[in-house]
Amino acid sequence: METQKNNPLHGIKLEQIVTDLQAHYGWEYLGYNIKIKCFTDNPSVKSSLKFLRRMPWARTKVENLYLEYLKKNKK
């Protein structure tokens, strides 16, 4: 399997993305910036993962926010 040097998300699981964003920003901020119910109504990592795995458009928004987070924090 080739490594993807130009893909900063390569090797990072969706669960890690959601966990990092929630820890850094909190559910309220995530729900405000990405208008999806799993971030606003009784949010949890489990419910968010279930939704994001079924909805590619929402996953793309979360991944884009994570890329911004990585740029700001030079992780």
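In what order do the elements of the chain run from the N terminus on? Colour the predicted model by secondary structure and follow the chain along: the pattern is α-α-α-α-α. The tally is 5 helices and 0 strands.

**Stop 1: the whole chain**

Zoom out and show the C-alpha trace. Along the principal axes, the C-alpha atoms fill a box of roughly 40 × 25 × 15 Å. The radius of gyration is 12 Å, close to the 11 Å that the globule rule gives for 75 residues, so the chain is as compact as a globular protein of that length. If you colour by accessibility, 33% of the 75 residues count as buried. Now think about contacts between residues with a separation of 6 or more: 53% of them join residues 24 or more positions apart.

**Stop 2: α1 against α5**

Select residues 14-25 for helix α1 and residues 56-73 for helix α5. Their axes sit 10 Å apart, and the two helices pack at an angle of about 60°. That angle falls outside the 65 to 115 degrees that would count as roughly perpendicular, and α1 and α5 are therefore oblique to each other. The crossing of this pair is left-handed.

Turn on side chains for the contact. From α1, show Leu14, Ile17, Asp20, Leu21, His24 and Tyr25. From α5, add Arg59, Val62, Glu63, Leu65, Tyr66, Tyr69, Lys72 and Asn73. Colour this set by class and you get 8 nonpolar, 2 polar and 4 charged residues.

**Stop 3: α4 against α5**

Keep α5 on screen and select residues 45-54, which is helix α4. Here the axes of α4 and α5 come within 5 Å and cross at roughly 115°. On the α4 side, pick Phe51, Leu52 and Arg54. Their partners in α5 are Pro56, Trp57, Ala58, Arg59 and Val62. Sorted by class, the α4 contact with α5 has 6 nonpolar residues, no polar ones and 2 charged ones.

Leave Arg59 and Val62 highlighted for a moment: these α5 residues take part in the contact with α1 and also in the one with α4.

**Stop 4: serine 48**

Stay on α4 and centre on serine 48, which belongs to this helix. Is serine 48 buried or exposed? Its relative accessible area is 0%, so serine 48 is buried; the cut-off for buried is under 20%.

What is serine 48 in contact with, leaving aside its neighbours within four places in sequence? Select Val18, Trp27, Cys38 and Phe39 to see those contacts.

Technical notes
Residues numbered from 1 in each chain as written. Predicted model: local features only at pLDDT ≥ 70, side-chain atom pairs only at ≥ 80, totals over all residues. Heavy atoms only, no water. Axes fitted to C-alpha atoms, helices over the stretch in contact; angles between N-to-C directions. Helix = DSSP H or I, 4+ residues; strand = E, 2+ residues; numbered from the N terminus. Parallel < 35°, antiparallel > 145°, perpendicular 65-115°, else oblique. Left-handed = near helix turned anticlockwise from the far one by under 90°. Contact = heavy atoms within 4.5 Å. Nonpolar A, V, L, I, M, F, W, Y, C, P; charged D, E, K, R; others polar. Rg over C-alpha atoms; globule rule 2.2 N^0.38 Å. Buried < 20%, exposed > 50% of the residue type's maximum accessible area, 1.4 Å probe, protein only.
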